[in-house]
Amino acid sequence: MGEAVEIMFGNGFPEIHKDTSSIQTLHSNQQDCHWYEETIDDDLKWSFALNSVLHTGTSEYQEIALLDTKRFGKVLVIDGKMQSAERDEFIYHECLIHPALLFHPNPKTVFIMGGGEGSAAREILKHKTIEKVVMCDIDQEVVDFCRRFLTVNSEAFCSKKLELVIKDAKAELEKREEKFDIIVGDLADPVEGGPCYQLYTKSFYQNILKPKLNPNGIFVTQAGPAGIFTHKEVFTSIYNTMKQVFKYVKAYTAHVPSFADTWGWVMASDQEFEVEVNELDRRIEERVKGELMYLNAPSFLSAATLNKTISLALEKETEVYSEENARFIHGHGVAYRHT
């Protein structure tokens, strides 16, 4: 009955089914429509109509899919979790990168943990003061197909200021003698069995990362979903963990449509984040090449003004992220599924 219907499940790979009474065929303009389905929780799923599947595969570290969706353009999915969407990734990456660089008095060197798609490097290289960016991603396959398909980042990948390293970021930071003005955590979400959760721990922050920051250095990381129903998954514990290591910690959030949630970032330093709104806008105008699409000083002030529920949860959080006491968002990495 009917043609084969491709339904993308939460692990990022297609399963092909003939239309039967147990499988509902979805239609768009009277034609069979392919869908990608992401499991957000046991009782919640999020579906995207597809134009095509550009790439699927399993690397040594994670399961990868690059999809062309009707609503959000090209999207990168790792271990079943949306990582970036062409139409709104500017929200995530501008929030991840620009606040830390703008609060720093004169950022010249940046180390990116992860960031294999190249968007974080793209945003960093917009800053005129930047002299060197080290992007360290563990997965060569992710980097290779992002370079091939995400052409918006081609200029960043070709920049002479960019040093690309394919290696575990923890090991790479540990062996490097140089220090950095900014360290960025553009990592996949911490899922059980995934490659990244150890890079959210107190021991890593304290013993490896912080010693690699210059005076006035700032560390910023993506910190997972930060919505009313999701902020306790990892956001609050990442924030509290960073408070154990740094004197000053600032959390901020923004809604990312393709994530179907509010997202969180946390930046930290031993220097106070004291820059007036007018000064932030002046720094954007003087330092940043081209126009930002999302972030300006008032929008950052708004992003850092958290609602009562989130503010109280951050204040009351007691858990510290460690290898033995890690929180995970819903889903599992390759290592978990292979055990």
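**Exercise 1. Packing of helix α10**

Task: State which elements the buried residues of α10 pack against, and which residues of α10 are buried.

Solution. Step 1: in this predicted model, the buried residues of α10 pack against α7 (235-243) and β15. Step 2: helix α10 spans residues 308-316, and its buried residues include Ile-310, Ala-313 and Leu-314. Step 3: these three cover an arc of only 100 degrees around the axis, so they sit on the same side of α10. Step 4: the face turned away from that buried side carries the exposed residues Lys-308, Glu-315 and Lys-316.

**Exercise 2. The faces of helix α8**

Task: Sort residues of α8 into buried and exposed, and name the elements that its buried residues pack against.

Solution. Step 1: helix α8 covers residues 277-287, and its buried residues are Leu-280, Arg-283, Ile-284 and Arg-287. Step 2: seen down the axis of α8, they fall within an arc of 100 degrees, so they line one face of the helix. Step 3: Asn-278 and Glu-285 are exposed, on the face turned away from the buried side. Step 4: the packing partners of the buried residues are α1 and α9 (297-303).

**Exercise 3. The neighbours of strand β16**

Task: Find the strands that pair with β16 and give the residues opposite Ala-268.

Solution. Step 1: strand β14 (residues 213-225) pairs with β16 in the antiparallel sense over six bridges. Step 2: strand β15 (residues 248-256) is also antiparallel to β16, with nine bridges. Step 3: Ala-268 in β16 is the bridge partner of Phe-219, and Val-249 stands opposite Ala-268 as well. Step 4: strand β16 itself (residues 261-269) is mostly covered, with eight of its nine residues buried.

**Exercise 4. Positive phi values**

Task: For Ala-260 and Asp-79, give the phi value and say whether each is buried or partly exposed.

Solution. Step 1: most residues other than glycine have a negative phi. Step 2: Ala-260 has a positive phi near 55 degrees. Ala-260 belongs to the hairpin of β15 and β16, which has four residues between the strands. Step 3: Ala-260 counts as partly exposed because its relative accessibility is 34%, and partly exposed lies between 20% and 50%. Step 4: Asp-79, in the loop between β8 (73-78) and β9 (81-85), has a positive phi near 50 degrees. Step 5: Asp-79 counts as buried because its relative accessibility is 6%, and buried means under 20%.

**Exercise 5. Strand β10**

Task: Decide whether β10 is enclosed or open, and describe its pairing with β11.

Solution. Step 1: strand β10 runs over residues 109-114 and six of its six residues are buried, so it is largely enclosed by the rest of the structure. Step 2: β10 and strand β11 (residues 132-137) run parallel and are joined by five bridges. Step 3: one of the residue pairs is Val-110 with its bridge partner Val-133 in β11.

**Exercise 6. Two nonpolar cores**

Task: Describe the largest nonpolar core and the contacts of Val-184, then name some residues of a second core.

Solution. Step 1: the largest core has 54 residues, of which Ile-112, Ile-124, Val-184, Trp-265 and Met-267 touch the most other members. Step 2: helix α1 (residues 89-103) gives the largest share of this core, 10 residues. Step 3: apart from neighbours within four places in sequence, Val-184 is in contact with Leu-96, Ile-97, Val-110, Phe-111, Ile-112, Met-113, Ile-124, Phe-219 and Val-220. Step 4: a second, separate core of 38 residues includes Cys-136, Ala-188, Leu-213 and Phe-235.

**Exercise 7. Cysteines and the whole chain**

Task: State how many disulfides the structure has, compare the cover of Cys-136 and Cys-158, and summarise the chain.

Solution. Step 1: a search of the whole structure finds zero disulfides. Step 2: Cys-136 is buried, with a relative accessible area of 1%, whereas Cys-158 counts as exposed at 62%. Step 3: the protein chain has 11 helices and 16 strands. Step 4: of its 339 residues, 56% count as buried. Step 5: the chain exposes about 15,300 Å², and carbon and sulfur atoms supply 47% of this area. Step 6: among contacts between residues at least 6 apart in sequence, 67% join residues at least 24 apart.

Definitions and conventions
Residues numbered from 1 in each chain as written. Predicted model: local features only at pLDDT ≥ 70, side-chain atom pairs only at ≥ 80, totals over all residues. Heavy atoms only, no water. Helix = DSSP H or I, 4+ residues; strand = E, 2+ residues; numbered from the N terminus. Buried < 20%, exposed > 50% of the residue type's maximum accessible area, 1.4 Å probe, protein only. Contact = heavy atoms within 4.5 Å. Areas by Shrake-Rupley, 256 points an atom, 1.4 Å probe, with all protein chains shown as cover. Disulfide = S-S within 2.5 Å. Pairing = 2+ DSSP bridges. Core = buried A, V, L, I, M, F, W, Y, C linked by side-chain atoms within 4.5 Å. Arc of directions from axis to C-beta.
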